[in-house]
Amino acid sequence: MFAVETENISKIYKGAFGNKQIHALSDMSLSVEQGSFFGLLGPNGAGKTTIIKILLGITNPSGGSAKVLGQDISNYKLKKKVGFLPENHRFPPYLTGEQVLKFFGGFSDMSQPELKKRIDYLLDLTKMNDRRKYKVKTYSKGMMQRIGLAQAMVNDPDLIFLDEPTDGVDPIGRKEIRDMLLNLKDQGKTIFLNSHLLSEVELVADRVAIIDKGKIIKEGTVKELTETEKEYKITFAGHISDSFCNSELTSQRIDNIHTDYFTLKAEDDDRLNAVIDAMRSEGLLIQGIVPIKTSLEDSFIRLINTKNGGVSQ
Amino acid sequence: MKNIWIIIKYTFREALAKKIMITFLILSALTIIGFGLAFSLMGDAAGIGSVSQPNASTPQSSTEIISAGVRFLEYGFVATLFVIGLFLSIFSTAGLVPDLLKKGNIDLFLSKPISKFELLCAKYLGGLAIVFVNIVFLVGSIWLMVGLKFSFWETSFLLSIASITFVFATLYALMTLLGILTKSPVLPIIISFLIVIVLNPLLAMRSMLYDLTDSSVVKGIFETFYYLIPQANEIVTISQDSIMGKADIVYTPIYTTAALMIVYLSLSFFFFKKKDF
Ligand SMILES: Nc1ncnc2c1ncn2[C@@H]1O[C@H](COP(=O)(O)OP(=O)(O)O)[C@@H](O)[C@H]1O
Ligand SMILES: [Mg+2]
C-alpha cells in the first residue's frame with residue numbers, strides 16, 4: 001500500500017468573479033511509498049502547498065482522485081493517523097505551547113493520560129519544555145516551528161505532511177528539525193516534505209519529485225536525479241584532432257574543448273571508459289579525470305530553466 | 001460529539017482571552033445598574049399597577065395590583081433588553097467565524113479528523129452558548145432586581161432569555177454565512193446592526209408606510225425583507241404578550257424565523273464545504 005497515491009489531480013482556482021483562472025495543478029499523479037521520506041521540490045507558486053491541502057481535504061480538487069493511507073481523501077477520519085505542519089501556521093495566540101498540544105491532541109483517539117505522556121515526550125523532543133507554560137504569542141519563529149512540529153506529531157501519526165518546515169529557522173534549528181524528521185523516519189513513519197530549498201531535501205529525502213507550474217517535471221531518488229547529469233573534467237597532454245572531437249562517441253558528449261582539457265558528459269561508466277580508450281588510441285596522455293558533481297540544486301535550476309525557456313526562478 | 005465539545009470549550013476560552021466575555025458582562029452590568037437607578041426613583045408597584053390599569057372596573061386586591069404593575073414594568077423592559085442584548089451579542093461573536101477561517105488557522109483545524117460540518121456546527125454552537133450565558137446574566141439580574149424590590153416573581157419574564165437567544169441565533173446564522181463568504185467580521189457586523197437598528201423598526205411601521213404610498217414595488221421590497229430577516233418585532237410582542245398573560249398569541253413568526261435560521265445555516269454549510277482554504 002502507498003501512503004499517498006494521487007491520480008491526475010488537478011486544481012483550478014477561480015478568480016473572484018469566475019475570471020482569472022489559475023491552474024495550480026495539472027493532472028498530477030504521484031505515489032509515496034509507506035515508510036519513505038518524500039520530498040516535493042519546486043519554486044514558489046509551483047503548487048506544493050495546494051497538493052498537500054487537497055490531500056488533507058482543506059482544498060477541493062477540480063479533478064482526479066487521491067488516496068491517503070489507503071483511503072479516499074473524502075473520508076476525514078483517515079486524518080486520525082495523519083499529522084500536518086502548515087506553512088505560516090497561526091496557533092491561537094492566547095494558548096500556551098502545552099495548551100496548543102492538548103487542544104489539537106484532543107481530536108485524536110488517545111486517552112487523557114496517554115495524551116499527557118505524549119505531550120511531555122514531544123515537548124522534550126522539540127526542546128520546548130522550558131517554554132511550555134508561555135503563551136505562543138511570545139515565541140520566536142524557531143520556537144513556533146518546533147511547537148508546530150510537536151503539534152503535527154501529537155496524535156502519533158503514520159504519515160506526516162510538512163510544508164516548508166525550516167522556513168525562517170536558523171541553521172542550527174534547521175539541523176535539529178532535520179534530525180527530528182530522520183528520527184521519525186527511523187520509527188517507520190512516512191514523511192511528505194515540501195520545500196523550495198533544495199539543499200534541505202537533498203540531505204534527507206529518499207525520493208524527490210520536482211514540480212513547476214503544477215506539473216511534475218522529474219521524479220526519482222536523489223541519487224538518480226543527481227547522477228544522470230554526471231560530468232567530468234578531463235585534463236590531458238597532446239594534440240586533440242578534429243576527427244576525435246566529431247566522432248559518434250564524442251560529438252554530443254564533449255564540450256568546452258581547450259588545448260589541455262575538455263568536459264565530458266557520460267551517462268554511465270562504460271561510456272566514460274570508451275571515451276578514455278579513444279583518447280588513449282589517439283595518443284593523448286591522460287592527466288586527470290575529475291567528476292564535476294552536480295548537486296540536486298544545479299539539476300533543479302537547470303530543469304526549471306529549460307522548462308521556462310531560460311528564465312530563472 | 002467529542003470534537004464538538006472540544007471546540008465549544010475552546011470557543012469559550014477564546015471569548016475569555018479576547019476579553020469578549022468580560023466586556024459583555026461589564027456592559028450588561030452597566031445596563032443592570034441603569035435599570036436599578038430607574039427603579040430607585042420609582043414608587044411602589046401598587047402605584048404603577050393602578051396607573052397601568054386606569055380603567056379597571058372591578059375592585060382589585062393589592063397583590064393583583066402589584067402583579068399588574070410588575071408585569072407592566074417588565075413589559076416595558078423586554079423591548080429595551082432585546083436591543084441591548086442583540087447589540088452586545090453581535091459585537092461579541094462577529095469575529096469568531098472569520099477568525100477561524102484565517103489562513104494558517106483553518107488549515108490546522110481541517111487537518112484534524114473533524115468534518116467541516118462538525119467544525120462549523122461547533123463554532124456556531126460555541127458562539128450561541130457564549131451569548132446565552134450573557135443573556136441569562138442580563139435578563140436574570142433584572143428579573144432578580146424587580147423581584148426583590150417588589151417581592152413579586154413573574155417567571156414568564158424569563159422567557160425573554162429564550163426569545164432573545166432565539167432571535168440572535170437566526171441573526172448569527174446570517175452572520176456566519178456572511179463571515180464565510182467574506183472571511184471578515186465587517187460585513188456581518190454592519191448587516192446585523194442594520195437589521196436591528198434600521199430594518200426592524202422600519203418593518204414594525206410598515207403598515208403605516210403602506211398608507212403613505214401605493215407603490216407595489218416599495219411594498220414588495222418591504223415584504224421581501226420581512227421574510228429575509230428574523231422577525232424580531234413580532235417575537236418581542238410574543239414575549240410581551242406572554243408576560244401580560246394574553247391568551248390568543250399567534251406563534252407563526254417563531255416558525256418563519258426558525259425556517260429562516262435553517263436556510264441561513266444550510267447555506268453556510270454549503271459554502272463552507274465548497275470553499276478552498
Ligand atoms: N486560495 C487560492 N486562491 C487562488 N489562487 C491560489 C490559492 N492558493 C494558491 N493559489 C495559487 O496557486 C498557485 C500554487 O500555489 P501554492 O500551492 O501555494 O504554491 P507553492 O506552495 O508551491 O508555493 C499559485 O499561483 C498561487 O497563487
Ligand atoms: Mg507553499
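## Exercises on a predicted model

Strand β11 (residues 231-237) of chain A pairs with β14(A) in the antiparallel sense, over 7 bridges. The structure is a predicted model, with scores of ipTM 0.83 and pTM 0.84. Let's work through it together.

### Exercise 1: the open sheet

Place β11(A) and β14(A) in their sheet, and find the partner of A:Phe236 in β14(A).

**Solution.**
- Step 1. Start with the strand order: the open sheet has 4 strands, β12-β13-β11-β14 in chain A, with antiparallel pairing.
- Step 2. Now look at the ends. β12 (254-255) and β14 (285-292) of chain A are the edge strands, each pairing on one side only.
- Step 3. Zoom in on the bridge: A:Phe236 has A:Ile286 as its partner in β14(A).

### Exercise 2: strand β9 and its neighbours

Decide whether strand β9 (residues 207-212) of chain A is enclosed or open, then describe its pairings.

**Solution.**
- Step 1. Count buried residues, taking buried as under 20% relative accessible area. In β9(A), 5 of the 6 residues are buried, so the strand is largely enclosed by the rest of the structure.
- Step 2. Take one partner: β3 (residues 37-41) of chain A pairs with β9(A) in the parallel sense over 4 bridges. Here A:Leu41 is bridged to A:Ile210.
- Step 3. Take another: β10 (residues 215-221) of chain A pairs with β9(A) in the antiparallel sense over 6 bridges. In β10(A), A:Lys218 stands opposite A:Ile210.
- Step 4. Inspect the turn. β9(A) and β10(A) form a hairpin with 2 residues between them, and A:Lys213 in that turn has a positive phi of about 50°.

### Exercise 3: the magnesium ion

Identify the residues that coordinate the magnesium ion (ligand 2), and classify each by burial.

**Solution.**
- Step 1. Find the donors: A:Thr49 gives OG1 and A:Glu87 gives OE, at 2.0 to 2.5 Å.
- Step 2. Locate them in the chain. A:Thr49 sits in helix α1 (residues 48-55) of chain A, while A:Glu87 is in the loop between β6 (82-85) and α2 (97-105), 38 residues apart.
- Step 3. Apply the accessibility classes. A:Thr49 has 19% relative accessibility and therefore counts as buried; A:Glu87, with 29%, counts as partly exposed.

### Exercise 4: around ligand 1

List some polar contacts of ligand 1 and state how much of its area the protein covers.

**Solution.**
- Step 1. Scan the surroundings: the residues around ligand 1 include A:Tyr13, A:Lys48 and A:Thr49.
- Step 2. Check backbone atoms. An N or O atom of the A:Gly45 backbone is 2.7 Å from an oxygen atom of ligand 1, and one of the A:Ala46 backbone is 3.1 Å from an oxygen atom of the ligand.
- Step 3. Add up the cover: the protein covers 67% of the 560 Å² of accessible area that ligand 1 has on its own.

Conventions: Residues numbered from 1 in each chain as written. Chains lettered and ligands numbered in written order. Predicted model: local features only at pLDDT ≥ 70, side-chain atom pairs only at ≥ 80, totals over all residues. Heavy atoms only, no water. Donors = N, O, S within 2.8 Å, 3.2 Å for Na, K, Ca; no water. Buried < 20%, exposed > 50% of the residue type's maximum accessible area, 1.4 Å probe, protein only. Pairing = 2+ DSSP bridges. Near = heavy atom within 4 Å. Polar contact = N/O pair within 3.5 Å; in protein donor to acceptor, adjacent residues only side chain to side chain. Areas by Shrake-Rupley, 256 points an atom, 1.4 Å probe, with all protein chains shown as cover.
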